[in-house]
Amino acid sequence: MFNFNRKSKKPDYKNMDDSALVALAKEDKEAFGEIYERYLTKIYNYIYYRTGNQQDAEDLTAKVFYRALSHIENYVDKGVPFQAWLYRIAHNLVANFHRDKGRRKIIALDDYVVHTLKSDAPDSKAELSEQKKLLMDAIHRLPADRQQLILLKFIEQKSNAEIGDIMERTEGAVKSLYHRTLLSLRDELELQQLTLKSDQPGNRTKQG
């Protein structure tokens, strides 16, 4: 005898890959909830390091997932990781945020460096602090696409292929941009260090 009151077994969202989860999420809000839990921290961190402000990051992160939920039924799997779609939404919202507010596009890496680079030696802390400041200044002067690359590479720890998916570039183009970016940073840091040395009292040229 059939038991028509028996409830169907709930899908195991946690162990689903993104493709299966997204397919379900088009009609199942619980499936989208798993997507939200899976990528919330990553998207928030990405936005935070592009805005440098917790409140703005929280607001924009909420908008990312609201937009994703609103458009997921139109999402088409083209063989690119689903997370790349979320990062593109985040990137566009951040770009609009900076344009609307008239703010300079920066990556607020300072908090990341402070919490991840540690040293027990007091004398090396002062040196690290100065090096950190020089690096931050150099990064802030990079074009927006190179800042994004540095963020994805060193903070999100994405591979070149993953970065290519997010930035809509080939893996080869990402490698080339990464190489040029590192050269630019090196040259900028060397110039800053030379400038600092020349500004020191003992190295200044005395005027007539």
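**Exercise 1. Find which residues touch the most other members of the largest nonpolar core, and which elements build that core.**

Step 1. Start with the terms. A nonpolar core is a set of buried Ala, Val, Leu, Ile, Met, Phe, Trp, Tyr and Cys residues joined through side-chain atoms within 4.5 Å. Buried means under 20% relative accessible area, exposed means over 50%, and partly exposed lies in between (1.4 Å probe, protein chains only).

Step 2. Pick out the best-connected members. The largest nonpolar core has 41 residues, and Ile35, Ile43, Ile47, Ile72, Phe82, Trp85 and Leu86 touch the most other members.

Step 3. Turn to the elements. Helices H1 (18-25), H2, H3, H4, H7, H8 and H9 each give two or more residues to this core. H4 gives the most, with 10 residues. Helices (H or I, at least four residues) and strands (E, at least two) are DSSP runs, numbered from the N terminus.

Step 4. Look for a second core. Apart from the largest one lies another core of 6 residues, including Ala138, Ile139, Ile150 and Leu185. As background, nonpolar side chains in soluble globular proteins tend to be buried together.

A word on the model: it is predicted, so local features need pLDDT of at least 70 and side-chain atom pairs count only at pLDDT 80 or more, while totals for chains, interfaces and linings use all residues. Residues are numbered from 1 along each chain as its sequence is written, and side-chain values use heavy atoms, with hydrogens and water left out.

**Exercise 2. Describe the whole protein: how many helices and strands are there, and what share of the residues is buried?**

Step 1. Count the elements. The protein has 9 helices and 0 strands, and from the N terminus on they run α-α-α-α-α-α-α-α-α.

Step 2. Check the burial. Of the 208 residues, 35% are buried.

Step 3. Add the surface. About 13600 Å² is exposed, and carbon and sulfur atoms supply 50% of it. Areas come from the Shrake-Rupley method with a 1.4 Å probe; for residues, only the protein chains shown count as cover.

Step 4. See how far contacts reach along the chain. A contact means heavy atoms within 4.5 Å. Among contacts between residues at least 6 apart in sequence, 60% join residues at least 24 apart.

**Exercise 3. Work out which residues Leu60 touches and which ones Ile43 touches.**

Step 1. Place Leu60. This residue sits in helix H3 (residues 54-71) and is buried, with a relative accessible area of 6%.

Step 2. List its partners, leaving aside residues up to four places away in sequence: Leu60 touches Ile47, Thr51, Leu93, Val94 and Phe97.

Step 3. Do likewise for Ile43. With residues up to four places away in sequence again not counted, Ile43 touches Thr61, Val64, Phe65, Leu86, Tyr87 and Ala90.

**Exercise 4. Classify two of the aromatic pairs: how many pairs does the structure hold in total?**

Step 1. Learn the rule. Rings of Phe, Tyr and Trp (its six-membered ring) pair if their centres lie within 6.5 Å; planes under 30 degrees apart count as stacked, over 60 as edge-to-face and the rest as tilted.

Step 2. Give the total: there are 7 aromatic pairs.

Step 3. Classify Tyr46 and Tyr87. Their ring centres are 5.3 Å apart and their planes stand at 85°, so the pair is edge-to-face. The pair links distant parts of the chain, with Tyr46 in helix H2 (residues 29-51) and Tyr87 in helix H4 (residues 82-101), 41 residues apart. Both tyrosines are buried.

Step 4. Classify Tyr75 and Trp85. Here the centres are 5.1 Å apart and the planes at 55°, so the pair is tilted. Tyr75 lies in the loop between H3 and H4, and Trp85 in helix H4, 10 residues apart. Tyr75 is buried at 11% relative accessible area, and Trp85 is buried at 18%.

**Exercise 5. Decide on which side of H8 its buried residues lie, and look at the loops around this helix.**

Step 1. Name the buried residues. In H8 (residues 160-167) they are Asn160, Ile163, Gly164, Ile166 and Met167.

Step 2. Use the arc, taken from the directions from the helix axis to the C-beta atoms. The buried residues cover only 165° around the axis, which puts them on the same side of H8.

Step 3. Move to the loops. Gln157, between helix H7 (144-155) and H8, has a positive phi near 55° and is exposed at 61% relative accessibility. Glu168, between H8 and helix H9 (171-199), has a positive phi of about 60° although it is not a glycine, and it is exposed at 60%.
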